[in-house]
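Reader: Hello! I am new to this structure and would love a close look at one part of it, along with a sense of how that part fits into the rest. Could you pick a part and walk me through it?

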Amino acid sequence: MMTEAVHIENLTKVYGSGHTAVIALRDANLVAHRGELVAILGPSGSGKTTLLTAIAGIIEPTRGRIRIGETTVYDDGWRVRDLRGFRRRHLGFIFQAHNLVPFLNARENVLVALQINGLTGDQAVRIAQELLDYLDVGARHDHLPEKLSGGEQQRVAIARALANSPSVILADEPTAALDTNRGKNVMALFRKIAQEKGSAVICVTHDHRMIEGFDHIYHVKDGSVSNESRASTTQERNKS
Ligand SMILES: Nc1ncnc2c1ncn2[C@@H]1O[C@H](COP(=O)(O)OP(=O)(O)OP(=O)(O)O)[C@@H](O)[C@H]1O
Ligand SMILES: [Mg+2]
């Protein structure tokens with residue numbers, strides 16, 4: 001039995017109200033299991049970031065339901081108590097590059113995420129270093145972000161997202177700023193993280209070069225979300 005990591009039901013988000021209202025998400029449904037890589041694809045303005053940030057608890061949906069693991073975190077206007085704490089313990093975020101703290105070195109950037117969860121001292125330093133090693137940037141631990149390449153910065157950001165062993169990793173366009181090879185490396189890393197850590201990885205992408213690597217693909221169009229399994233995608237591609 002596969003364990004559900006994220007379960008979204010009829011999620012709707014309306015920004016603003018009256019004649020300026022924008023329906024960014026309409027009755028969206030999505031399921032991601034632990035160990036799975038899930039892509040969210042769609043044109044600019046279709047609602048991808050809205051979906052991701054709603055799962056993340058960063059924006060408040062208008063209606064619908066969000067479950068993370070066994071916990072209902074949002075249900076038609078009701079939300080879990082201590083959402084921030086819940087988020088910190090269960091979710092990891094990777095946004096586009098350049099979201100590292102510029103005046104902290106690579107290891108300190110990871111340390112901050114551990115400290116927020118109450119892990120301090122030598123133990124925290126050791127875990128931060130292990131995470132950097134895991135992502136193959138351990139040797140760069142004392143470099144400031146500006147002294148790292150784009151790909152290295154991205155891996156430090158992934159190390160930071162892994163700090164709390166999240167059951168769900170949310171990534172918004174993580175390969176947008178990378179060349180094809182680096183993008184593929186990030187995908188391979190996500191695969192490894194999903195397999196070894198059992199996290200669900202949900203990844204917004206514009207990048208059709210990357211879709212091969214995903215188990216499920218959700219297409220977003222004008223706020224509507226449709227699901228497509230990898231098998232059918234491959235068939236489609238073989239037909240054409
Ligand atoms: N804070 C906001 N207030 C009002 N409208 C918003 C807000 N954020 C997004 N929107 C609108 O909601 C729709 C979906 O936006 P969203 O950012 O989710 O798109 P996206 O698919 O991530 O696009 P992109 O690929 O360009 O990042 C768009 O029409 C956008 O203009
Ligand atoms: Mg977006």
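Author: Happy to! A word on names comes before anything else: a helix here is a DSSP run of H or I with at least four residues, a strand is a run of E with at least two, and both are numbered from the N terminus. Counted that way, the protein has seven helices and eleven strands. Please keep in mind that this is a predicted model.

The part I would pick is α1, which spans residues 48–55. Let us start with the ligand. Both α1 and β2 (22–33) supply at least two residues of the shell around ligand 1, and α1 gives the most, with three residues. The residues around ligand 1 include Lys48, Thr49 and Thr50. Also in this shell are Gly42, Ser44, Gly45, Ser46 and Gly47, while Tyr15, Gly16, Val22 and Ala24 complete the list. Sorted by class, the shell holds eight polar residues, three nonpolar ones and one charged one.

Now for the helix itself. Six of the eight residues of α1 are buried, so the rest of the structure largely encloses this helix. The buried ones are Lys48, Thr50, Leu51, Leu52, Ala54 and Ile55. Lys48 and Thr50 therefore play two parts in this picture, because they belong to the ligand shell and also to the buried residues of a largely enclosed helix. After α1 comes Gly57, where phi is positive, near 80°.

What does the helix meet? One way in is through Ile202. Setting aside neighbours within four places in sequence, Ile202 is in contact with Leu52 and Ile55, and also with Val6, Ala32, Val38, Ile40, Val168 and Leu170. Ile202 has a notable place in the protein: of the 63 residues in the largest nonpolar core, Val201 and Ile202 touch the most other members.

Ile55 offers a second way in, through Ile8 of strand β1. Again leaving out neighbours within four places in sequence, the contacts of Ile8 are Ala28, Asn29, Leu30, Ile55 and Ile66. Ile8 has 23 C-beta neighbours inside 10 Å, so it counts as buried, the cut-off being 20 or more.

From Ile8 we can follow the strand outwards. β1 (residues 4–15) and β2 pair in the antiparallel sense over eight bridges, with Val14 standing opposite Ile23 of β2. These two strands belong to an open sheet of five, in the order β2-β1-β4-β5-β6, with antiparallel pairing. β2 and β6 stand at the edges with a single partner strand each, so one side of each has no neighbour in the sheet. The edge strand β2 is also one of the elements that supply the ligand shell.

Near the far end of that strand order there is a small backbone detail. The loop between β5 (71–75) and β6 (78–79) holds Asp76, whose phi is near 45°, a positive value in a residue other than glycine. Most residues other than glycine have a negative phi. Asp76 counts as exposed because it has 12 C-beta neighbours inside 10 Å.

Going back to Ile202, its contact Leu170 leads to another pair of strands. Leu170 in β8 is the bridge partner of Phe93, and four bridges join β7 to β8, which run parallel. Within β7 (residues 91–94), Leu91 and Phe93 point one way, Gly92 and Ile94 point the other way, and all are buried. That fits a general pattern: side chains in a regular strand alternate between the two faces of the sheet.

To finish, let us step back to the whole protein. Buried residues make up 38% of its 240 residues. Of the contacts between residues at least 6 apart in sequence, 69% join residues at least 24 apart. The C-alpha atoms fill a box of roughly 50 × 50 × 40 Å along the principal axes. A compact globule of 240 residues would have a radius of gyration near 18 Å, and the protein agrees because its value is 18 Å.

How values were computed. Residues numbered from 1 in each chain as written. Chains lettered and ligands numbered in written order. Predicted model: local features only at pLDDT ≥ 70, side-chain atom pairs only at ≥ 80, totals over all residues. Near = placed C-beta within 6 Å. Nonpolar A, V, L, I, M, F, W, Y, C, P; charged D, E, K, R; others polar. Rg over C-alpha atoms; globule rule 2.2 N^0.38 Å. Contact = placed C-beta atoms within 7 Å. Core = buried A, V, L, I, M, F, W, Y, C linked by C-beta atoms within 7 Å. Pairing = 2+ DSSP bridges.
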